[in-house]
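Visitor: Could you walk me through this structure, one question at a time, and show me the reasoning behind each answer?

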Amino acid sequence: MSSNRLKEGVMMKYFERWLPVIGLLVLFSGPVQAESAVPFTESVVIFNTVCAKCHEAECSGRLSFDDCYEVSRNHIIRHYGAAADKLWLQRELYSILNYTKEQCAYYPMDMAIPATKVWSGEVLQRMSTIPKRNYFVPVGILAPGQFRIELEMDENVRVTVHLMSEKFDMVVEDCLEPTEKSLHIPVTITEPGDYYFRLYPRRPVRINRLAIVEDGEADH
Ligand code: HEC
């Protein structure tokens, strides 16, 4: 009896000693923890192109708990097969959905927005999914006025182009056929705020340049 109690005592001592470590492990395995900035950019792009088809603007304020995560793994893999052997990606996608629900906003992305509002092919590649080449690009603040989205691509491929406000309002929603591998899309902004560009190509195509240009009076 007494030796049992002694054992229990020793176990408790061990447990107490390791408690802070266990606490940290639990904390760091939590769904809001980013593994690193680079994978998070990738998962935000995946979420806002693939998952957004159903989960955009899902502002319930209600969080999904960790047991839902286990259940939703298969669901996530069904919609994005490439996540099958990437646990970190499944977790991040799950965290992004929770963030959207709670904050009612796009998940922040660790990508600098060029002051010129011109993006090179190289930079854009980091904001596209593989292999389908869906693009999701935060384009920053736009003031009310007339603008033009300019796109240059590798081939003439039909694309669906979206421009959304931070409140998930769709300002541009067009399916377009480029001529001479380029597209100019007119945009009227009435609400000032942060905007986001999204592109779904009919088949994978590389975008070599994206620019948001203020339409001068001379163009009218
Ligand atoms: C074709 C529509 C569709 C697509 C695409 C889709 N989902 Fe879902 N998802 C649903 C529906 C419907 C539910 C169940 C209702 C709900 O909880 O929103 C759901 C539920 C979930 C849940 C559980 C929510 C909770 O409250 O527990 C998670 C997590 C989830 N989806 C993540 C994703 C991720 C990540 C992607 C992208 C890889 C994705 N879904 C793509 C339709 C979709």
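Visitor: Which residues does Leu 142 touch, not counting residues up to four places away in sequence?
Guide: This is a predicted model, and in it Leu 142 lies in strand β2. Leaving out residues up to four places away in sequence, the residues that Leu 142 touches are Phe 147, Ile 189, Pro 192 and Tyr 195.

Visitor: Is Leu 142 buried or exposed?
Guide: The cut-off for a buried residue is 20 or more other C-beta atoms within 10 Å. Leu 142 has 20 C-beta neighbours inside 10 Å, and therefore it counts as buried.

Visitor: What is the C-alpha to C-alpha separation of Leu 142 and Pro 192 in space?
Guide: Pro 192 lies in the loop between β6 and β7, whereas Leu 142 belongs to strand β2. The two are 50 residues apart in sequence, yet Pro 192 is in contact with Leu 142, as well as with Ala 143 and Pro 144, once neighbours within four places in sequence are left aside. From C-alpha to C-alpha, Leu 142 and Pro 192 are separated in space by 5.7 Å.

Visitor: Why does Pro 192 count as buried, partly exposed or exposed?
Guide: A residue counts as exposed if 12 or fewer other C-beta atoms lie within 10 Å of its own. Pro 192 has 12 other C-beta atoms within 10 Å, so its class is exposed.

Visitor: Which residues does Tyr 196 touch, not counting those up to four places away in sequence?
Guide: Tyr 196 is found in strand β7, and its C-alpha atom is separated by 7.2 Å from that of Phe 136, a residue 60 places away along the chain. With 19 other C-beta atoms within 10 Å, Tyr 196 is partly exposed, because a buried residue needs 20 or more. Not counting residues up to four places away in sequence, Tyr 196 touches Tyr 106, Phe 136, Pro 138, Val 139 and Met 164.

Visitor: Which element gives the most residues to the largest nonpolar core?
Guide: The largest nonpolar core has 39 residues, of which Leu 93, Leu 124, Tyr 135, Val 137, Ile 207 and Leu 210 touch the most other members. At least two residues of this core come from each of several elements, including α2 (37–55), α4 (87–103), β2 (135–142) and β8 (207–214), and at least three come from each of domain 1 (37–103) and domain 2 (118–219). The element that gives the most, with seven residues, is α2.

Visitor: How many residues surround the ligand, and how many of them are nonpolar?
Guide: The shell around the ligand consists of 15 residues, the closest being Cys 51, Cys 54, Ser 64, Cys 68 and Leu 93. The elements that give two or more residues to this shell are α2, α3 (66–79) and α4. One residue of the shell is charged and five are polar, while the number that are nonpolar is nine.

Visitor: With which residues is Leu 93 in contact, leaving aside its neighbours within four places in sequence?
Guide: Leu 93 is one of the residues that touch the most other members of the largest nonpolar core, and Leu 93 is also among the closest residues to the ligand. Leaving aside neighbours within four places in sequence, its contacts are Ser 43, Ile 46, Phe 47, Cys 51, Ile 76 and Ala 83.

Visitor: Which two residues does a cis peptide bond join?
Guide: The bond has an omega of about 5°, and one of its partners, Pro 131, is found in the loop between α5 (121–125) and β2. The residues joined are Ile 130 and Pro 131.

Visitor: What is the phi of Lys 181?
Guide: Lys 181 is found in the loop between β5 (170–176) and β6 (182–189), and with 14 C-beta neighbours inside 10 Å it counts as partly exposed. Although Lys 181 is not a glycine, its phi is positive, at about 60°.

Visitor: Over which residues is the pLDDT below 50?
Guide: The mean pLDDT of the chain is 85, and 80% of its residues reach 70 or more. One stretch, which has ten contacts in the model beyond near neighbours in sequence, has a pLDDT below 50, and it covers residues 18–36.

Technical notes. Residues are numbered from 1 along each chain as its sequence is written. This is a predicted model: local features need pLDDT of at least 70, side-chain atom pairs count only at pLDDT 80 or more; totals for chains, interfaces and linings use all residues. A nonpolar core is a set of buried Ala, Val, Leu, Ile, Met, Phe, Trp, Tyr and Cys residues joined through C-beta atoms within 7 Å. Helices (H or I, at least four residues) and strands (E, at least two) are DSSP runs, numbered from the N terminus. Domain bounds come from an automatic or database domain assignment. Two residues are in contact if their C-beta atoms, placed from the backbone, lie within 7 Å. A residue is near a molecule or strand if its C-beta atom, placed from the backbone, lies within 6 Å of it. Ala, Val, Leu, Ile, Met, Phe, Trp, Tyr, Cys and Pro count as nonpolar, Asp, Glu, Lys and Arg as charged, and the others, Gly among them, as polar. pLDDT is the predictor's confidence in each residue, from 0 to 100.
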